[in-house]
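Colleague: I would like to learn how cysteine pairs and overall fold measures are read from a model. Could we go through one case together?

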Amino acid sequence: MKTLKVEGMHCPKCVASVTKALSEVPGLSNVSVNLEKGEATFDGEAPADAIKDAVDKIGFIPGAIS
């Protein structure tokens with residue numbers, strides 16, 4: 001499981017938006033977003049640019065993937 005820091009989430013709707021965006025990235029599965037921690041976790045493989053772009057396109061700031 002990998003983790004992506006996400007800045008700018010403030011409510012459950014933000015969590016739903018990030019979850020949907022990351023779930024649509026080919027190669028990712030089991031996406032879970034934690035508002036309190038400000039991060040998303042997921043399984044699978046996808047280019048880091050594709051993952052970060054999916055979050056950036058919906059108005060949030062993607063951080064490091066670990």
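Colleague: How far is the sulfur of Cys-11 from the closest cysteine sulfur, and why is there no bond?

Modeller: A disulfide is a covalent bond between the sulfur atoms of two cysteines. Here the term is applied to a pair of cysteine sulfur atoms within 2.5 Å, and because the sulfur of Cys-11 lies 3.5 Å from that of Cys-14, its closest cysteine sulfur, the pair is too far apart for a bond. The structure accordingly holds 0 disulfides.

Modeller: Please keep in mind that this is a predicted model, in which local features need pLDDT of at least 70 and side-chain atom pairs count only at pLDDT 80 or more, while totals for chains, interfaces and linings use all residues. Residues are numbered from 1 along each chain as its sequence is written, and side-chain values use heavy atoms, with hydrogens and water left out.

Colleague: Are Cys-11 and Cys-14 buried or exposed?

Modeller: Buried means under 20% relative accessible area, exposed over 50%, and partly exposed in between, with a 1.4 Å probe and protein chains only. Cys-14 is buried at 11%, whereas Cys-11, at 28%, is partly exposed. Of the 66 residues of the protein, 36% count as buried.

Colleague: Which elements make up the protein, and in what order do they run?

Modeller: Helices (H or I, at least four residues) and strands (E, at least two) are DSSP runs, numbered from the N terminus. The protein has 2 helices and 4 strands, in the order β-α-β-β-α-β from the N terminus on.
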